[in-house]
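User: Hi! Could you walk me through the empty spaces and the RNA contacts of a structure I am about to look at?

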Amino acid sequence: MSDLKSALGQAAASAFSALGLDPALGRVTLSDRPDLADFQCNGALAAARTAKRNPREIAAEIAQRLGGSPLVAAVEVAGPGFINLKASSTALSARANALFADPRTGAPMRATPRRVLIDYGGPNVAKEMHVGHLRASIIGESVKRLHRFLGDDTLGDAHFGDWGFQMGLLITACAEADSKVAATLEALNSAPEPSEPEIEAAIALFAAHIHLEDLDRLYPAAAARAKAETDYRDRARRATAELQSGAAGYRLIWRHFAGLTRAALERDFRALGIVFDLWRGESDVNDLIGPMVEELKAKGLAFEDQGALIIRVARNDDKRELPPLIVVSSEGSAMYGTTDLATVLDRKRLYEPDLVIYVVDQRQSDHFEQVFRAAELAGYAAPGQLVHVGFGTMNGVDGKPFKTREGGVLKLRDLIELGLAKSRERLAEAGLGGELDPEAFEATALKVAVAAIKFADLANFRGTSYVFDLDRFSSFEGKTGPYLLYQAVRIKSLLRRAAEDGGSLGPIAVAEPQERELVILLDAFPSAVEEAESKSAPNAIAEHVYRLAQAFARFYAACPVLSARPDERDSRLALAALTLRQMEIALDLLGLEAPERM
RNA sequence: GGCCCCGUAGCUCAACCGGAUAGAGCAUCCGCCUUCUAAGCGGACGGUUGCAGGUUCGAGUCCUGCCGGGGUCGCCA
């Protein structure tokens, strides 16, 4: 099944072909001038140059050939050679009925599915998520859903930051803060082989003494202190090294940290509709690093330079000077890039992905370029198999990364809580407090709040940085998430009433201008999906669903449904049901869900 | 300093391979609830697309230079 735009494009392509011109010129797009036409083709203008002919002349000949198509109600040449097309009502109606019959409402499906792994979110042990994590999480989630929807075999990996110096810091801080914890760690680390009861006792002690709040409190203080005091920093480094070489006590407390944090993180992620298939941690590739480094050395890729082990990744045709990837620092420790390289290897072995997409801050593009090139040199990945999808930063009004008025970071949980409070208030105003039971009320409030937060971000192109404005993230009017949900809810309400009145769905007969506009937008869904996929840009979906919601709102205002005569009513009901289905698919691609009422 | 990204309405952002009159939302102002949810709809106001050149029949989009902002440039992640 082809969308109307493509069908018109094909008709135009064969018209160009018949004139001995490149069929690619027949590309048809939505009209820039909706007052004049539904669609347009600009091919005659481009053709004029190569064919050395008057563009209007070419356009007229194309137009004449297109005029005979049953898809076209009117065709005319305008300006320097634009071909303006008005779709026939029968074509629009037929298209609407075809979309109605299609569970995917026209969306394409990949011919040859691939296995795609999406690396996103990037939460860390003991670091509570703040608004900066929002982009990575929701853009990544949307990119994942998009691939899954297209039929790819998709894996979302949180890529848990559970290893490295930060762990040593935490251990040091916890030991210092609690003498019982310190003693337990000491005893376990020095014991040649701790017994089961000893281990169980330690686990119980950690559980009783170290809570999430302790980590939140201790970690920032420890990090600050390590910067200021070399002695403290060295202690933390020693702890890190001992943990990595397997000290029993450190391993146990580290497990406790990770478990504690992960449970809290998963709660926050779930609230935002984000679910990972994998929680592979940086620790999982720890054992791969040693052999990998040996292999890299044996292959002659890694060699010593200024005391460190490096891989040169610069190329002759590089415009910029790309520094080498440092595999082992001069102090003998593995680096960020080492872990990432080992992760490439790990994923290759476990999942054999055709494509790995890293949804990570744009500022790390050089880092990923280094890692990807090193991975290619080592034979761990083919060119193009690893892709960095970067995103811009969330800035404050000063143009610097966002900070609260107190200078700290805004916790993600606080943002959600803020949105929830506003959402509850608004729902109560609408009188839903009495209609819904408390649980349904809360669930609805969460859907609305999450829609506000996520849409405010996803509506922006991922690559550009933007100014974080709290009001925008908790606004329910205009181009917002709640507006989208609201239109969906109106349709649900309409369909409920219709079911009571015995209305049935379809067939669709397009007549009114608002109906035409709605169907033309419904027809544009495949293009939006393709654009979003090719650019890994969820804002294309966001833009589409917003325009669709607007088109529905206009239709709703202009075209009575339930009070219309039966054939008209059933047509409009089907059109509304179709709109709802496409909206819900698109919302789901963004990670949003419409409630039943709001 | 080298390299990369950005500069669009008062504010926040869009703009499909270079196409017509550069679009939304917010804010401001004016209308619309005896009909399906007004979290809505219609209308008005608002622009030298940072500046200067160039390529082109045609430039927000491509090229050069300049100005302004951000990022990054070997042992943090």
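User: Thanks for joining me. Which residues line the second largest cavity?

Analyst: Happy to help, and please keep in mind that this is a predicted model. The second largest cavity has a volume of about 40 Å³. Its lining divides into 1 nonpolar, 3 polar and 4 charged residues. By name, the lining residues are Asp157, His159, Arg280, Gly281, Val285, Thr343, Asp346 and Arg347.

User: Which helix gives the most to the lining of the second largest cavity?

Analyst: The residues lining the second largest cavity include Thr343, Asp346 and Arg347. The helix that spans residues 336-351 supplies 3 residues to that lining. The helix giving the most is therefore α13.

User: Where does the largest cavity lie with respect to the domains?

Analyst: The search of the whole structure finds 2 cavities of 30 Å³ or more, and the largest cavity holds about 80 Å³ of space. Among its lining residues are Ala126, Leu212, Thr261 and Arg413. Because two domains both give residues to this lining, the largest cavity lies between domain 2 (115-160 + 278-395) and domain 3 (165-271).

User: Which element supplies the largest share of the lining of the largest cavity?

Analyst: The lining of the largest cavity has 5 nonpolar, 1 polar and 5 charged residues. The largest share of that lining is 4 residues. Those 4 residues come from α11.

User: Let's move to the pockets. What is the volume of the second largest pocket?

Analyst: The second largest pocket is lined by 28 residues. Lys5, Ala524, Pro526, Ser527 and Ala528 lie nearest its centre. By class, the lining has 12 nonpolar, 8 polar and 8 charged residues. The volume of this pocket is about 530 Å³.

User: Why does the second largest pocket lie between two domains, and which domains are they?

Analyst: Elements that each supply at least two residues of the lining include α1 (4-18), β1 (28-30) and α21 (525-534). Of these, α21 gives the largest share, 5 residues. The pocket lies between two domains because both give residues to its lining, and they are domain 1 (4-87) and domain 4 (415-590).

User: Now for the RNA. Which residues come nearest to RNA strand B?

Analyst: There are 66 residues around RNA strand B. Sugar and phosphate account for 54% of the atoms of the strand that come within 4 Å of the protein. By class, the surface near the strand has 30 nonpolar, 14 polar and 22 charged residues. The residues that come nearest are Arg27, Arg33, Phe82, Ile310 and Val467.

User: Which residue has a side-chain N or O atom 2.4 Å from a base nitrogen of RNA strand B?

Analyst: It helps to sort the contacts by the part of the strand involved. A phosphate oxygen lies 2.6 Å from a polar side-chain atom of Arg490. A sugar or linking oxygen is 3.4 Å from a polar backbone atom of Lys479. The base nitrogen at 2.4 Å is paired with the side chain of Asn84.

User: One last thing: what percentage of the residues in chain A are buried?

Analyst: Chain A has 23 helices and 13 strands. Its C-alpha trace spans about 85 × 70 × 45 Å along the principal axes. Among the 598 residues in chain A, the buried share is 51%.

Conventions:
Residues numbered from 1 in each chain as written. Chains lettered and ligands numbered in written order. Heavy atoms only, no water. Near = heavy atom within 4 Å. Polar contact = N/O pair within 3.5 Å; in protein donor to acceptor, adjacent residues only side chain to side chain. Nonpolar A, V, L, I, M, F, W, Y, C, P; charged D, E, K, R; others polar. 1 Å grid on protein atoms, 1.4 Å probe; cavity = no way out; pocket = protein on both sides within 12 Å on 5 of 7 lines; lining within 4 Å. Points joined across faces, edges and corners; volume = space filled by probe spheres on them. Domains from an automatic or database assignment. Buried < 20%, exposed > 50% of the residue type's maximum accessible area, 1.4 Å probe, protein only.
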